[in-house]
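Colleague: I would like to learn how to read a structure one feature at a time. Could we begin with a single residue and work outwards?

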Amino acid sequence: MDPEPQTLHHPDPDELASSVASRLVEVVRAAQAQGRTPGIVLTGGSIADRIHRAVVAAADAADAADVAWGDVDWWYGDERFVAADDTDRNALQSRIAMLDHLPVDPSRVHEMPSADGAFGNDLEVAAAAYGQEVRSHGAGEFDVVMLGVGPDGHVASLFPGFPELDVEDTIAVAVRDSPKPPPRRISLTFPALESTREVWFVVAGADKADAVRRALTPGADVHEVPAGRPRGRQQTLWFLDQAAAGQA
Ligand code: 6PG
């Protein structure tokens, strides 16, 4: 049985981001000490940028000099299906804020396809291709899956009431008519998001407090609050600022 979620409280979004960054350094260092290449699944959303910049700051610190950032597989929990150079792209945002500032191995940055990429405008083919990439490159499980949470309780691009919530036999799915623009997206499914040692929810802001409360309520209906489902095999952490924890 996956361990119960733990909540980690922080006074503000910057402290939350620093806490995530420090833990990420620890996770990467520990995996590499075990001779493994860690797989890290990045999220989009407003907190992601702070986290990415905090990771660069943590990596620059003297005590992280032993971490081999080129020996990390970087993945994405979801992506907006737009042109690769569209500022809406989670991958582009992660490069600007983090990956372009770390000595990563470009072949280990696994972006989800873009609408102007190899699969053209075919969202289903693009989603299937990413599933295949995860299956063929992945180690069978990720080390960390990071997830922002929407005010409606969505995670990745798995939205309340959408059919993708019930997909159990596929790694990545096409999402249309997303209530959060842009409308077309690719998302890892719940089984893929749970094929990980740890799930880290990273949530800041009062507008998320209700979704956090509902997600952490035992017996939450995943169709109403998707954030209520993902669990890591070893650990599930909720990194919260005071506002998202409803303590503001
Ligand atoms: C995306 C994200 C999405 C995000 C939440 C929270 O591509 O939009 O992956 O799941 O994490 O919507 O985003 P905000 O913090 O911007 O509300």
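Modeller: Start with alanine 156, which sits in the loop between β5 and β6 (172-175). Keep in mind that this is a predicted model.

Colleague: Why does alanine 156 count as buried?

Modeller: The general idea is a cut-off: a residue is called buried when its relative accessible area is under 20%. Alanine 156 counts as buried because its relative accessibility is 9%.

Colleague: Which residues does alanine 156 touch, leaving out those up to four places away in sequence?

Modeller: The contacts of alanine 156 are Gly77, Asp78, Leu147, Gly148, Ser187 and Leu193.

Colleague: How many Å separate the C-alpha atoms of alanine 156 and glutamine 235?

Modeller: The separation is 19 Å, for two residues that stand 79 places apart along the chain.

Colleague: Let us move on to strands. With which sense do β8 and β9 pair?

Modeller: To read a pairing, look at the direction of the two strands and at the bridges. Strand β9 covers residues 235-241, and β8 covers residues 196-203. They pair in the parallel sense over 6 bridges. One of the partnerships joins valine 202 to phenylalanine 239 in β9. Between β8 and β9 the chain passes through helix α6 (residues 209-215), in a right-handed β-α-β crossover.

Colleague: How many bridges join β1 to β9?

Modeller: There are 5, and strand β1 (residues 6-10) runs parallel to β9. Glutamine 6 has leucine 237 of β9 as its bridge partner. Strand β9 is also mostly covered, with 6 of its 7 residues buried.

Colleague: Now a helix. What covers the buried residues of α2?

Modeller: First find the buried residues, then look for what touches them. In α2 (residues 46-60) the buried residues include Ile47, Ile51, Val55 and Ala59. The cover includes α1 (13-33), β2 (39-42), α3 (90-97), β5 (142-147) and β8.

Colleague: And how does one find pockets?

Modeller: Rolling a probe the size of a water molecule over the atoms shows where empty space is left. Here the largest pocket has a volume of about 290 Å³. Its lining has 22 residues, with Gly44, Gly45, Ser46, Lys180 and Lys208 nearest the centre. Helix α2 gives the most to that lining, 3 residues.

Colleague: How do the lining residues of the largest pocket divide by class?

Modeller: They divide into 8 nonpolar, 8 polar and 6 charged. The second largest pocket holds about 200 Å³ of space, and its lining has 9 nonpolar, 4 polar and 2 charged residues.

Notes:
Residues numbered from 1 in each chain as written. Predicted model: local features only at pLDDT ≥ 70, side-chain atom pairs only at ≥ 80, totals over all residues. Heavy atoms only, no water. Buried < 20%, exposed > 50% of the residue type's maximum accessible area, 1.4 Å probe, protein only. Helix = DSSP H or I, 4+ residues; strand = E, 2+ residues; numbered from the N terminus. Pairing = 2+ DSSP bridges. Right-handed = clockwise from strand over helix to strand, strands pointing away. Contact = heavy atoms within 4.5 Å. 1 Å grid on protein atoms, 1.4 Å probe; cavity = no way out; pocket = protein on both sides within 12 Å on 5 of 7 lines; lining within 4 Å. Points joined across faces, edges and corners; volume = space filled by probe spheres on them. Nonpolar A, V, L, I, M, F, W, Y, C, P; charged D, E, K, R; others polar.
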